[in-house]
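Here is a friendly walk through one helix and one sheet. Please have the structure open and turn it as you read.

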Amino acid sequence: MTTAGSLTPAQVAALPAMVPVLDAFPALNIGETLGYQLIRDEEFPLEVVKLGRAFRVRKADLMAYLGLSQFVAAEVQSAAPTNDDAPGVQPGTSSEQPTPTHASK
């Protein structure tokens, strides 16, 4: 998703859980050269995770740094399971199954 220019909050919210630093740089509105220099100098504003030769940052850390916590909350809320479309289930009922009971001998 590497792009020239900065990213919108919606574009940042669409990033994967472990964001390649090349996608984090535009979200932070910094260039590639400065970004890698900050990583080298251990001054990058987020914790950088090295996976092999790739550098990644956590999406949650990036969004918190940018003050986009409301997008994280909205993302979690939209991912919550519902039974509204499940056949034979009343809309709005719990999706949890009752715990089976065993008859004692």
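Which residues are exposed on the other side of α3? They are T33 and R40. Keep in mind that this is a predicted model.

**The helix**

Helix α3 spans residues 32-40, and its buried residues are G35, L38 and I39. Viewed down the axis of α3, these buried residues fall within an arc of 100°, so they line one face of the helix. A general point helps here: an α-helix has 3.6 residues a turn, so residues three or four places apart point the same way. The buried residues of α3 pack against α2 (21-27) and also against β3 (54-58). Follow the chain just past α3 and you meet E42, which takes a positive phi of about 55°.

**The sheet**

Strand β3, one of the packing partners of the buried residues of α3, also belongs to an open sheet. This sheet has 3 strands in the order β1-β3-β2, with antiparallel pairing. Its edge strands are β1 and β2, each of which pairs on one side only. From one strand to the next, the twist averages 45°.

| Edge strand | Residues |
|---|---|
| β1 | residues 18-20 |
| β2 | residues 49-51 |

How many bridges join β2 and β3? The two strands pair in the antiparallel sense over 3 bridges. To find one of these places on screen, look for V49, whose bridge partner in β3 is R56.

Taken together, β3 is a good place to end the tour: β3 is in contact with the buried residues of α3, and β3 stands between β1 and β2 in the strand order.

Notes:
Residues are numbered from 1 along each chain as its sequence is written. This is a predicted model: local features need pLDDT of at least 70, side-chain atom pairs count only at pLDDT 80 or more; totals for chains, interfaces and linings use all residues. Side-chain values use heavy atoms; hydrogens and water are left out. Buried means under 20% relative accessible area, exposed over 50%, partly exposed in between (1.4 Å probe, protein chains only). Helices (H or I, at least four residues) and strands (E, at least two) are DSSP runs, numbered from the N terminus. The arc is that of the directions from the helix axis to the C-beta atoms. Contact means heavy atoms within 4.5 Å. Two strands pair if DSSP finds at least two bridges between them. Axes are lines fitted to C-alpha atoms, for helices over the stretch in contact, and angles run from 0 to 180 degrees between N-to-C directions.
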